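Here is a short briefing on one protein model. Look at the structure first, then work through the points below.

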Amino acid sequence: MTETRSTCPYCGVGCGVIIESDGAQITGVRGDPAHPANFGRLCTKGSTLHLTASAAVTRQTRLLQPMHRAQRGAAPQPLGWDEALENAAEKFAHVIREHGPDAVGFYVSGQLLTEDYYVFNKLAKGLVGTNNIDTNSRLCMSSAVAGYKKTLGADAPPACYEDFGHAQCLFIAGSNTAWAHPIAFRRIEDAKAANPAMKIIVADPRRTDTCEIADLHLPLQPGTDVMLFHGMLHLMLWEGWTDAAYIAAHTSGFDAIKATVRDCTPERVAQVCGITREALFEAARLFATSAATLSLYCQGLNQSSSGTAKNAALINLHLATGQIGKPGAGPFSLTGQPNAMGGREVGGLANLLSAHRDLGNPQHRAEVASFWGVPAVPDKPGKTAVEMFQAAADGEIRALWIACTNPAQSMPDQATVRRALQRCEFVVVQEAFATTATCAFADLLLPATTWGEKDGTVTNSERRISRVRNAVARPGQTRDDWVIAAEFARRLEARLGRAGTLFPYADAEAVWNEHRESTRGRDLDITGMSYAMLEAAPQQWPLREGEASGRSRLYEDGVFPTPDGRARFADVAYKPLAEAREARYPFSLNTGRLRDQWHGMSRTGTLGRLFGHVPEPTVQMHPQDMARRQLADGELVHVTSRRGSILLPVSASPELGLGQSFIAMHWGGEYISGRSSTGELLAGVNALTTPAFCPDSKQPELKHTAVKILKA
Ligand code: SF4
């Protein structure tokens with residue numbers, strides 16, 4: 001038996017694993033006791049990884065050779081790699097020559113490794129000359145990115161997991177940590193057990209499992225987080241709980257936000273948020289007066305038409321109280337996907353450039369162009385996820401390359417996404433699994449390696465970079481994602497009359513070394529971090545050349561990466577939801593994760609035991625709402641929004657407030673069928689969700705859709 005150290009491919013906690021293998025077969029997995037994210041622990045998903053990589057599962061679910069469809073709707077036929085990549089390069093070159101570089105788009109994934117991400121980003125921005133590269137991280141963390149930059153000056157989570165043990169108050173907002181980040185939650189439980197005086201506040205419309213550990217639950221109305229945070233700041237000011245010395249020494253813009261929150265009186269906040277004034281007062285008191293307050297937050301803040309405002313309003317509270325830059329204190333976004341952070345680091349979003357550079361900054365564009373040795377990086381902002389599929393549906397984007405993600409299930413407003421995939425002249429899907437809904441729309445399917453088979457790095461929520469290693473040989477004809485991107489790019493270079501020197505990499509380490517050099521002098525400088533160093537132990541960034549280890553906590557000196565070194569209060573306004581409940585659509589629909597499933601279930605859905613926790617999709621409602629509509633547990637209902645309707649059983653859930661409903665995000669077409677408002681066949685909860693997005697982060701509002709629920 002061989003043992004290989006690697007990282008769990010599921011969530012942003014980034015747990016270390018030891019993969020056991022025998023020849024070509026992965027035979028076991030256990031937590032890596034030496035990994036500082038998990039110290040040997042794994043959750044149900046992580047501890048069953050080896051079973052999802054068995055020979056039987058691989059045979060049934062994996063895409064193992066390139067395939068193409070001569071006609072849409074026909075069964076895909078095998079072809080060789082050379083033919084597949086030549087075909088792809090020819091099609092993309094044709095579209096670029098005929099319609100310009102912005103007629104193509106790349107939609108990639110927070111599941112990709114940093115090396116994969118780097119090559120795709122360079123391919124789009126350095127070779128093709130378009131910023132039309134976005135990722136499913138847009139659905140996950142882009143509001144956190146925008147919130148950090150707006151206030152602290154850089155996309156850098158300032159805290160770390162060790163801070164759970166130093167905090168005296170944990171403020172968990174919009175995160176069911178117990179299910180979505182289970183090993184982080186185990187560490188929170190440990191911290192509470194070691195320090196029973198630590199207070200835990202959970203702000204969430206649902207009474208989730210995370211609330212079981214809470215001293216105070218704030219069951220706020222969906223979408224009212226900004227009002228809650230402004231109300232807390234109002235009380236902090238009124239009670240004298242702000243830290244005037246910290247505000248004066250390290251921040252700017254306080255007067256404006258002070259004026260804005262003047263109207264957010266306890267009475268108004270209680271009425272808008274649906275919580276008691278006493279609970280609001282207690283939350284503000286604990287947050288401000290505890291010796292160290294750490295905020296944890298995730299999709300409840302991010303997946304919102306006010307996502308950036310929610311993030312920024314919460315960070316305002318840390319700045320106003322000086323709860324930042326010291327052990328146990330600070331805002332700490334929990335990353336959804338395993339490498340949403342790494343993708344941001346290489347600039348793999350439509351509005352970013354390598355190493356946290358900004359597309360809108362001419363100097364940053366010049367630096368990246370010079371570093372890559374290309375004449376220029378385009379200045380026109382690229383299409384973000386929702387915009388990209390809308391542009392494809394409108395005929396503006398004609399060729400799409402989709403890697404390691406399943407937009408035909410995961411994107412909001414599925415009717416538009418499916419129209420986009422049908423209208424595109426050429427769709428490439430680069431995937432490990434042949435079972436995803438998006439594969440059905442591909443003209444060309446390219447088989448990729450996945451966990452246990454590929455080599456590279458990922459960054460977790462606390463800025464810690466870990467190695468991902470291949471334990472077994474690549475199955476079938478699969479290739480690593482960065483290799484596929486680079487081989488396609490070399491063929492495209494020739495067709496676009498370029499020198500053919502942009503993608504010289506011999507292995508993943510060569511890609512890493514180039515990315516590493518691109519960070520020199522930036523806030524995330526990792527010029528001191530080599531593969532050899534990461535062999536010994538995962539490391540947090542920044543870690544500059546000559547340094548022996550990274551930094552666990554940022555801003556301890558009170559200096560922020562802004563032009564004047566001061567953090568900025570964000571004067572953000574409370575805005576109502578994009579799609580309010582009204583008489584025809586009287587319920588709020590929330591979506592989210594289950595404990596034992598991951599994304600569209602392409603991996604976790606292969607294991608019967610992971611359905612033990614929740615065996616089937618249901619729409620959850622409050623028992624009183626069900627009684628009023630004479631609905632019994634298990635009865636079929638139509639859940640209908642302005643965009644579509646799906647059919648599924650209803651189940652009683654006292655954890656929800658009145659007028660609210662919840663459907664897990666994982667179930668696709670095999671489980672939930674439906675139709676668009678114009679009659680097209682659709683599947684899954686995203687047949688219903690709204691494409692409305694935050695104006696700053698462009699992250700869609702997956703956490704709220706107005707629906708009606710009627711007996712079938
Ligand atoms: Fe994997 Fe996340 Fe579970 Fe850790 S907590 S084992 S990273 S799914």
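Is the crossing of α3 and α20 left-handed or right-handed? The crossing of these two helices, α3 and α20, is right-handed. Keep in mind that this is a predicted model. The points below start with that helix pair, then turn to a second pair, the domains and the ligand.

**Helices α3 and α20**
- Helix α3 covers residues 81–99, and helix α20 covers residues 481–495.
- Their axes lie 9 Å apart, and the packing angle is about 50°.
- Angles from 35 to 65 degrees count as oblique, so α3 and α20 are oblique to each other.
- From α3, the contact uses Leu85, Glu86, Ala88, Ala89, Phe92 and Ala93.
- From α20, they are met by Glu487, Phe488, Arg491, Leu492 and Arg495.
- Seven of the residues in the contact of α3 with α20 are nonpolar, four are charged and none is polar.

**Helices α8 and α14**
- Helix α8 (residues 225–239) and helix α14 (residues 307–321) have axes that come within 8 Å.
- The two axes cross at roughly 15°.
- Angles under 35 degrees count as roughly parallel, so α8 and α14 are roughly parallel to each other.
- The crossing of α8 past α14 is left-handed.
- On the α8 side, the contact is made by Asp225, Val226, Phe229, His230, Met232, Leu233 and Met236.
- On the α14 side, the contact residues include Ala309, Lys310, Ala313 and Leu314.
- By class, the contact of α8 with α14 has ten nonpolar, three polar and two charged residues.

**Domains**
- The domain assignment gives domain 1 as 67–139 + 339–503, domain 2 as 142–333 and domain 3 as 587–711.
- The centres of domain 1 and domain 3, taken over C-alpha atoms, are 29 Å apart.
- In the contact between them, 19 residues of domain 1 meet 22 residues of domain 3.
- On the domain 1 side, α17 (385–393), α18 (407–410) and α19 (414–423) each supply at least two residues.
- Helix α19 gives the most to that side, with four residues.
- The domain 1 side has seven nonpolar, eight polar and four charged residues.

**Ligand**
- The ligand is surrounded by 14 residues.
- The closest are Cys8, Tyr10, Cys15, Cys43 and Gly46.
- Two elements, α1 (44–47) and α7 (182–194), give two or more residues to this shell.
- Nine residues of the shell are nonpolar, four are polar and one is charged.

Conventions
Residues are numbered from 1 along each chain as its sequence is written. This is a predicted model: local features need pLDDT of at least 70, side-chain atom pairs count only at pLDDT 80 or more; totals for chains, interfaces and linings use all residues. A residue is near a molecule or strand if its C-beta atom, placed from the backbone, lies within 6 Å of it. Ala, Val, Leu, Ile, Met, Phe, Trp, Tyr, Cys and Pro count as nonpolar, Asp, Glu, Lys and Arg as charged, and the others, Gly among them, as polar. Domain bounds come from an automatic or database domain assignment. Two residues are in contact if their C-beta atoms, placed from the backbone, lie within 7 Å. Axes are lines fitted to C-alpha atoms, for helices over the stretch in contact, and angles run from 0 to 180 degrees between N-to-C directions. Angles under 35 degrees count as roughly parallel, over 145 as roughly antiparallel, 65 to 115 as roughly perpendicular and the rest as oblique. A crossing is left-handed if the near helix is turned anticlockwise from the far one by less than a right angle, and right-handed if clockwise.
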